[in-house]
Amino acid sequence: MAITRATSGPAYPERFYAAASYVGLDGSDSSAKHVSSKFSNDTALIFYALYQQATVGPCNTRKPSAWRPVEQSKWKSWQGLGTMPSIEAMRLFVKILEEENPDWYSSEFTDIPDPVVDVQINQTKDEPVVENGNSLSETKTVSAENGRLSETQDKDVVSEDPNTVSVYNQWTAPQTSGQRPKARYEHGAAVIQDKMYIYGGNHNGRYLGDLHALDFKNWTWSRVETKVATESEETSPTLLSPCAGHTLIPWDNKLLSIGGHTKNPSESMQVKIFDTRTCTWSMLKTYGKPPVSRGGQSVTIVGKTLVIFGGQDAKRSLLNDLHVLDLETMTWDEIDAIGASPSPRSDHAAAVHAERYLLIFGGCSHATCFGDLHVLDLQTMEWSRPAQQGEAPTPRSGHAGLTIGENWFIVGGGDNKSGASESAVLNMSTLTWSVVASVEGRVPLASEGLSLVVSSYNGEDVLVAFGGYNGRYNNEINLLKPSHKSTLQPKTLEAPLPVSLSAVNNATTRDIESEVEVSQESRVREIVMDNANAGSKVEGNSEHIIAILKSEKEELEASLNKEQMQTLQLRQELTEGESRNTDLNKELQSVRGQLATEQSRCFKLEVDVAELRQKLQTLETLQKELELLQRQKAVSEQAASNTKRQSSGGVWGWLAGSPHEKDDSP
């Protein structure tokens, strides 16, 4: 059968230029006016700024004058992007356009016909699957058109119930009844008492706030009519806003909706709670400092604690912070982990293993999709990048994941070019990847923003996938029953890891060498015992195994040498850092000495200033006393002058003669 791969448009940068052409941007002023007529003012400004950032680069032009408010707003929007890379601006431009109009490409570029897609679902194993001791032959390939999965049926298995899942490692589409929810992605899904609840999501760029339930007993859809609860000690009434990119967690027959993007986001992350018995929503009262509002984060329940990592806030800034919410005390706490944490990201997947290890896989920034795996030891709060085995999944974001025992299933997602067709599983004990199933074409299972839950059917676990977006919004249900073989590691002679993840990742060189020796000795002992119980045929097989072990030993030694080189490099960097620290301490001591000298000089100057002030006050007092003496002197001189005049009598007294002179004549 010929398979035609469907694509959702060209790759970058052609996809960006197609989007810019659809928006109406060509760099001219008239095109900017055309954009503002098609979109809101805020969206038009964002489009203009991202277009300039992608085609010109960071804003280096002068700020327009206040007499040109429109140009000033455009300049501020462009300036606010800082040094955002060109490819990141392109990807964000297209993402915002798809939120505004998801069908922009198909509606604008009608000259490129949308191909009819043949869907083929293949098992990853060639040998038949054994169920209850009976061999089942290989499943037939089933095709469908328009990207819709048809019911899968094994040629040797006759099923009376159309919803019976008899084939392992094969995605099938069951028949459901009732009104299905509106097609969507970035919704939340959780299972409580044989019912899968679907809440919120995104459709055509609009946030949804409806709640639907699928009854696994009869596979019937129904819409849940909800109401807002009155205020209580644990909850408070709230106006529920439609949301997308949130996380739905089952907890004591209730649903917890954590975070998510909304039209009018709050400053901090909110936790909504839905009571399935009373069908009431309320806002959970929490204490402590909550994380900033966000969507696309991962929320993992560990015992009675929620662990929140990463996401994207309302300002489109990517995050890689770590927070926990104690469900007993309803208290938030921010965790400062050590080690190399994952880069900021959203739309990733997270899982917990052995109630101790938090695993983070994939996700994306504004420009890049990731395929890395990070592990956080929840006891030591240390990040690590463990070595993996098998074929790791391709980089992706928007995928869904869930755990069954020690196995972590990853389904869907995409890399902004095409959907991820492989459904993978990671054995969290051995860190071994393997592929469970694969699909071809534009099908819901190769979508971003789909949900994945686990249900029980005839005593066996069944994966249930719903929704997603791959150029089209989906609302289909698909099932997969993983076999026991899919949970085993690939056909290699790799033994399980001898110790826990933390010990393997953080052990010293001596510990690694001892573990390698113990593992090899145990394998050799098994080989010797097999040789003692078998004949020459087993001896030949043992030689083959020994050769494989030697090859593994060489690989381990090479890895050990690499780790030793990295350790030596880190030691050298540590020595250089300590040397720089010593030099800085010396400089600090010198500066402190200079500061003490300057402080002493300042103290002496203050003393001199105080003495001068005292002398100045004394001088002022003397000046006042001098002025007083001068005034007294002037008064005395004036009085003496007046007395002299009175005693002399003046000229008239001399002319008239003095009576005293007459008396004195003889």
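Begin by selecting I273, which is found in strand β12, residues 271–275; strands here are DSSP runs of E with at least two residues, helices are runs of H or I with at least four residues, and both are numbered from the N terminus. At 5% relative accessibility I273 counts as buried, where buried means under 20% relative accessible area, exposed means over 50%, and partly exposed lies in between, with a 1.4 Å probe and protein chains only. Now add L256 to the selection: I273 and L256 are 17 residues apart in sequence, and their C-alpha atoms are 4.6 Å apart in space.

Before going on, please keep in mind that this is a predicted model, in which local features need pLDDT of at least 70, side-chain atom pairs count only at pLDDT 80 or more, and totals for chains, interfaces and linings use all residues. Residues are numbered from 1 along each chain as its sequence is written, and side-chain values use heavy atoms, with hydrogens and water left out.

**The whole chain**

Zoom out to show the chain in full, whose secondary structure comes to 11 helices and 30 strands. Of its 666 residues, 42% count as buried. The accessible surface comes to about 37100 Å², and 50% of this belongs to carbon and sulfur atoms; such areas come from the Shrake-Rupley method with a 1.4 Å probe, and for residues only the protein chains shown count as cover. If you consider contacts (heavy atoms within 4.5 Å) between residues at least 6 apart in sequence, 59% of them join residues at least 24 apart.

**The largest core**

Next, select F16, V23, F47, L50, F93, L97 and W104, which are the residues with the most contacts inside the largest nonpolar core, a set of 23 residues. A nonpolar core is a set of buried Ala, Val, Leu, Ile, Met, Phe, Trp, Tyr and Cys residues joined through side-chain atoms within 4.5 Å. The elements that give two or more residues to this core are α1 (14–23), α3 (41–55), α5 (86–100) and α6 (104–108), and α5 provides the largest share, 7 residues. Centre the view on L50, which, leaving aside its neighbours within four places in sequence, is in contact with L81, M84, A89, L92, F93 and I96. A second, separate core of 18 residues can be found through A400, I404, L445 and L452, which are among its members.

**Two packed helices**

Now show α1 together with α3. Two packed helices are described by the angle between their axes and the distance between the axes. Here the angle is about 145° and the axes of α1 and α3 are 12 Å apart; the axes are lines fitted to C-alpha atoms, for helices over the stretch in contact, and angles run from 0 to 180 degrees between N-to-C directions. The crossing of α1 and α3 is left-handed, a term used if the near helix is turned anticlockwise from the far one by less than a right angle, with right-handed used if it is clockwise. To see the contact itself, select F16, Y17, A20 and V23 of α1, and then F47, Y51, A54 and T55 of α3.

Stay with α1 and colour R15, F16, A18, A19, A20, Y22 and V23, which are its buried residues. Since 7 of the 10 residues of α1 are buried, this helix is largely enclosed by the rest of the structure. Just after α1 comes G24, whose phi is positive, near 105°.

**A loop with positive phi**

Move to the loop between β19 (349–353) and β20 (357–361), where A354 lies. Most residues other than glycine have a negative phi, and most peptide bonds are trans. Phi of A354, however, is positive, near 60°, and this residue is exposed, with a relative accessible area of 57%. E355 lies in the loop between β19 and β20 as well; its phi is also positive, near 55°, and at 52% relative accessibility E355 counts as exposed.

**Two last stops**

Select S397, in the loop between β23 (389–390) and β24 (400–404), which counts as buried at 1% relative accessibility. Not counting residues up to four places away in sequence, S397 touches R91, D347, G363, C364, C369, G413, G414 and E448. S397 and H348 are 49 residues apart in sequence, with their C-alpha atoms 5.7 Å apart in space.

Finish at D333 in strand β18, residues 331–334, which at 43% relative accessibility counts as partly exposed. With residues up to four places away in sequence not counted, D333 touches L322, H323 and V324.
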